[in-house]
Amino acid sequence: MSSTYANPSVTAPVEVPPAARLIQMILGYQVTQVVGAVARLDLADRLAAGPRSSAELAEATGADLDGLTRLLRAATGVGLITEDKPDRFVLTPLGAFLATDAQPASLHDLAIVTTTPGQWLPCGRLVETVMNGRSSTRAALGKELWDYYQDHPEEDAVFSRSMGNTSAIKAAEVVACYDLTRFSRIIDIGGSQGVLLAGLLEAAPKARGVLFDRPEVIATAHPVFTARGLADRVELVGGDFFTEVPPDGDLYVLKSVLQNWDDAHASRLLANCHRAARPGSSLLMIEGVLPTAPEPSPMHLLNLLMLMQVGGRIRTREQHQTLLEATGYHLQQIIPPQPSAYFAQSLLEVHRR
Ligand SMILES: C[S@@+](CC[C@H](N)C(=O)[O-])C[C@H]1O[C@@H](n2cnc3c(N)ncnc32)[C@H](O)[C@@H]1O
């Protein structure tokens, strides 16, 4: 659900003939799977201390020697690893982002979650979504994504950690352009394990935070705050945001949440935030904004994926505005992503009437 937020302007252009480019696209799933397998086997962590042979890595991972050697060489083909001498494998700076402690943020769990059944199987039914205009998740998994995650806690956990991977990067972008010091109670709705909220609280030393998400996600969130010395400034609340959300925030945050829902659900969620919020309070949305001009944008891909995975949508500026005005909010301004931003989401500054 997250990989398509990538901002293409940070990728160096590669000159390849058109048909070769198309072949790369057709076979692009192989690259996704190689990156996912390198992450699952923790090869970046295992190579962080220095070069290893395939036999050493096979022993460390319990993998089949031939299979692992093929994976290592495939990973050299996409630039994650190099083989500087026969059978001596070295991590590249690109592959180093798959280490669990990579800075400024690890992409380890994002690489894994993209290849889990919950994310991967619905993609194989994309054309069904295009034909019937509905999510393919129910057909692929037998239930909607959040219900599936409730029944598959391991996948749910890796999904939450993957959101943390991307939110760590986005938190740095947000605090660089949005003044958080004026807020005293920041409530992150659908905030996953709290990586974004932790980043916001660090930039607002006087504020207290409330993290709200599904109870099974909230049950896994505590370590994020204890690791950063923020546990005494945060309240962890589990619940259903279609029922109610925690009250009295002067800043509510919704990152990558409204995009998961159709207009009827998004309106219900916004109405619950409005009911809970102080008059005059702020809402910060971190979401895609779909261009209306006929121009290429990563948001078109994400818009399609949102429909396929969860029946959601990326909204245009006008669609955001209409939804917000109808629920008692006013869209003040949209701060577009910097050209150097890793993820092409905007900041939507919103006022609660
Ligand atoms: C795409 S994730 C975004 C997570 C986080 N805001 C971020 O960007 O890192 C959507 C979040 O909404 C939560 N969620 C989905 N349905 C929910 C519900 N009914 N009530 C509360 N949270 C819900 C999910 O558990 C998930 O953490």
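Which polar side-chain atom lies 2.9 Å from a nitrogen atom of the ligand? It belongs to Asp240, and the first view starts there.

This is a predicted model, where local features need pLDDT of at least 70 and side-chain atom pairs count only at pLDDT 80 or more, while totals for chains, interfaces and linings use all residues. Residues are numbered from 1 along each chain as its sequence is written, and side-chain values use heavy atoms, with hydrogens and water left out.

**View A. Polar contacts to ligand nitrogen atoms.** Besides Asp240, look at Gly190, where a backbone N or O atom sits 2.7 Å from a nitrogen atom of the ligand. Phe241 also joins in through its backbone, with an N or O atom 2.9 Å from a ligand nitrogen. The protein covers 96% of the 590 Å² of accessible area that the ligand has on its own. (A polar contact is a pair of N or O atoms within 3.5 Å; within protein, one must be able to donate a hydrogen and the other to accept it, and residues adjacent in sequence count only if both atoms are side-chain atoms. Areas come from the Shrake-Rupley method with a 1.4 Å probe.)

**View B. The shell around the ligand.** Here 19 residues surround the ligand, and the closest are Ser167, Gly190, Asp213, Arg214 and Lys255; a residue counts if one of its heavy atoms lies within 4 Å. The shell splits into 8 nonpolar, 7 polar and 4 charged residues, with Gly counted as polar. Helix α11 (residues 153–177) gives the most, with 3 residues; helices (H or I, at least four residues) and strands (E, at least two) are DSSP runs, numbered from the N terminus.

**View C. A salt bridge between Arg73 and Glu83.** The closest N and O atoms of this pair are 2.7 Å apart. Arg73 lies in helix α5 (residues 65–77) and Glu83 in strand β1 (residues 81–85), so the bridge ties together parts 10 residues apart in sequence. The structure holds 16 salt bridges, each a side-chain nitrogen of Lys or Arg within 4 Å of a carboxyl oxygen of Asp or Glu.

**View D. Ser135 in its loop.** Ser135 sits between α8 (126–132) and α9 (137–141). A polar atom of its side chain lies 3.0 Å from the backbone nitrogen of Thr137, and one lies 3.3 Å from the backbone oxygen of Gln309.

**View E. Two backbone oddities.** Most residues other than glycine have a negative phi, and most peptide bonds are trans. Asp42, in the loop between α2 (28–40) and α3 (43–48), has a positive phi of about 55°. Gln103 and Pro104 are joined by a cis peptide bond, with omega about 0°.
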